[in-house]
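Please open the model in your viewer and keep the sequence panel beside it. The tour below moves from one selection to the next.

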Amino acid sequence: MNEERRDFLGMALGGVAGIGGIAALYAAKRTWDPLPSVLAAGFTTIDLSAAKENELHVDEWRGKPIFVLKKSADMAPNDRDVVVGNDRFHVSIGLCTHLGCIPAYNPGAKEFVCACHGGKFDTSGINTFGPPPSPLEIPPFSIDGTKLVLGEEGPEYLKMLEAGITA
Amino acid sequence: MAKFEKANSVGEWLDQRLAINKVKKVMAYEYWIPKDINFLWAMGMVLAVTFGLLLVSGIFLLMYYKPDTEMAFDSVNYTIMAEVGYGWLWRHIHAIGASFVFVIIYIHMFTGIYYGSYKRGREMIWITGMLLFVTFSAEAFSGYLLPWGQMSYWAGMVITNLFAGGGLEAHWLVEWIRGDYSPGDAMLTRFFMLHVLLLPLVIIALIGLHFASLRIPHVNNQEGEDFDFEEEAEKYKAGKKKESKVIPFQPVFLSKDLFVVGVYLLIFFYLVFYHYHFAIDPVNLDPADPLKTPPHIYPEWYFLWSYEILRPFSTNIGLIAFGFAQIAFFLLPFLDKSPNCKPAHKRGLFKIWFWVMLFDMIILTILGKLPPVTPFNEIGFVAAVVFILLFVTLPFITKREKAV
């Protein structure tokens, strides 16, 4: 009969310790989560009117480089382009979709080349060579006159998202 | 309560309370090591000494290091290197030590493979050793981030991106590990915690387990000879030292061990004082810049072979190959189906397997540092495929082996 009481004590202890352990794991997981201030920060406004054709402008959004390339007439238009008035822009997160290095823009060959593993992208950010599995990712944006607000999902972005061409 | 008599010496006083004589006997004076070994058997002690050097130099580096993205770079490259008296000494020891831990781990590993020391009851020695290798890898990676130079930042970026799992697109996991969208203050501080506390604790615990796992199967010998340790120990204790196949750890084995450690330390400190540059990448002497990738990114030399297995494939296949490379060595005791626990030169095809594996890993290591262009891409592809095939074919090669 004493053994029964001991078993009960053992199970009670195990049960409480188990719940406590799971609760502690949850607390540990939440401690590793990004802070609310980190999540809340992060809208970047870029003025597109200053951009020059075939010249890469690099901005920063959420600690990541943002590529803005004003397309010249000889560059093929693409549904991924951001259209403001009569101008077409390629806007993307400037991190290679392979492992996140920053590709360099070669204005002569009109392509992006990643030095890490040799991946290449065309002026629409489409992967054309090497290990990158997908095109350069288009960040959420909205158009405000000639300004681009990154982090906001405007109708033009949502249209691209629906068409599945943002990444 | 136990009865205590008046002690006649400090030793006796301690022995009454802590049984130190018994402990010394069990741990050292009657811990038996085979006689038929060579200098490669000293690598365990060399590793323990190197870990000690890393621990001591790390403690001094901690006095001035600041885990903050604004201050980390200067605290290492200016404060510790230029201002702190002998700060450079600790940094050089820590950098050379990090490299040498891996030199010796690889020698220790390939010694184990060559002599079949992962077989016949020694599986747990091998597995705990591989766990140590993985934990040391995590320790090295987290430490590499701390100076917050260009290589620190971009190595942190590339390695954490691996956790997105390629086509699985697990960006949430990457952001969770970093605590931010990109490597930043949150990541630096948590990797600092991992590097100076959690991972060293795990390493110390694993070293204890690694030593404990040696206790029952005992240390292997050059011929893989299976003998009764207790019988041989009795011979030794009875004074038949020549006839006995074993020697006590202390003082006989340790004196030879320490000789090898002494030679090693001469080389180690020669490098610390005169050739430390190879362990400090010049690219990392530029502060981290999230908007500029260095033209060519490569890991430290000890990760190059597994990095090169990732590189020649498309993302998903590359990740699978990389994952395979990380666990393949763990499986060695179970992939080797041969009944023999003998050195490789007595095992026919396995001897060829061993040298091809060693050669292939050297090739992969060299290629990992070269830029990803023709013909290196093609050679890398072949070397990576050979690595995988070696593990796939091992059970078939060893199954056909005749018992020696």
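The stops that follow treat one chain as a whole, then its domains and a sheet, and lastly a contact between two chains.

Before selecting anything, bear in mind that this is a predicted model.

**Stop 1: chain A as a whole.** Select chain A and colour it by secondary structure, which should bring out 3 helices and 11 strands. If you follow the chain along its sequence, the order of these elements reads α-α-β-β-β-β-β-β-β-β-β-β-β-α. The radius of gyration of chain A is 24 Å, whereas the globule rule gives 15 Å for 167 residues, so chain A is more spread out than a compact globule. Turning the C-alpha trace of chain A along its principal axes, you will find that it spans about 90 × 35 × 25 Å. With the chain still selected, consider burial and contacts: 28% of the 167 residues of chain A count as buried, and among the contacts in chain A with a separation of 6 or more, 44% are between residues 24 or more positions apart.

**Stop 2: the two domains of chain A.** Next, give one colour to residues 2-33 of chain A, which are assigned to domain 1, and another to residues 44-163, which are assigned to domain 2. How many Å separate the centres of domain 1 and domain 2 of chain A? Taken over C-alpha atoms, the separation of these centres is 51 Å.

**Stop 3: a sheet in chain A.** Now select strands 6, 7, 8 and 9 of chain A, which form an open sheet in the order 6-7-8-9 with antiparallel pairing. At its edges lie strand 6 (104-106) and strand 9 (127-129) of chain A, each of which pairs on one side only. Moving inward, select residues 111-113 of chain A, which make up strand 7, together with residues 120-121, which make up strand 8; these two strands pair in the antiparallel sense over 2 bridges. To inspect one of the pairings in detail, show V113(A) and its bridge partner in strand 8, K120(A).

**Stop 4: where chain B touches chain A.** Finally, display both chains and select their contact, to which chain B gives 28 residues and chain A gives 22 residues. On the chain B side, helix 7 (150-161), helix 8 (171-178), helix 9 (185-215) and helix 13 (315-328) each supply at least two residues. Which helix of chain B supplies the largest share of the side that touches chain A? That share, 4 residues, comes from helix 7 of chain B. Coloured by residue class, the side of chain B that touches chain A shows 12 nonpolar, 11 polar and 5 charged residues.

Conventions:
Residues numbered from 1 in each chain as written. Chains lettered and ligands numbered in written order. Predicted model: local features only at pLDDT ≥ 70, side-chain atom pairs only at ≥ 80, totals over all residues. Rg over C-alpha atoms; globule rule 2.2 N^0.38 Å. Buried ≥ 20, exposed ≤ 12 C-beta atoms within 10 Å, placed from the backbone. Contact = placed C-beta atoms within 7 Å. Pairing = 2+ DSSP bridges. Domains from an automatic or database assignment. Nonpolar A, V, L, I, M, F, W, Y, C, P; charged D, E, K, R; others polar.
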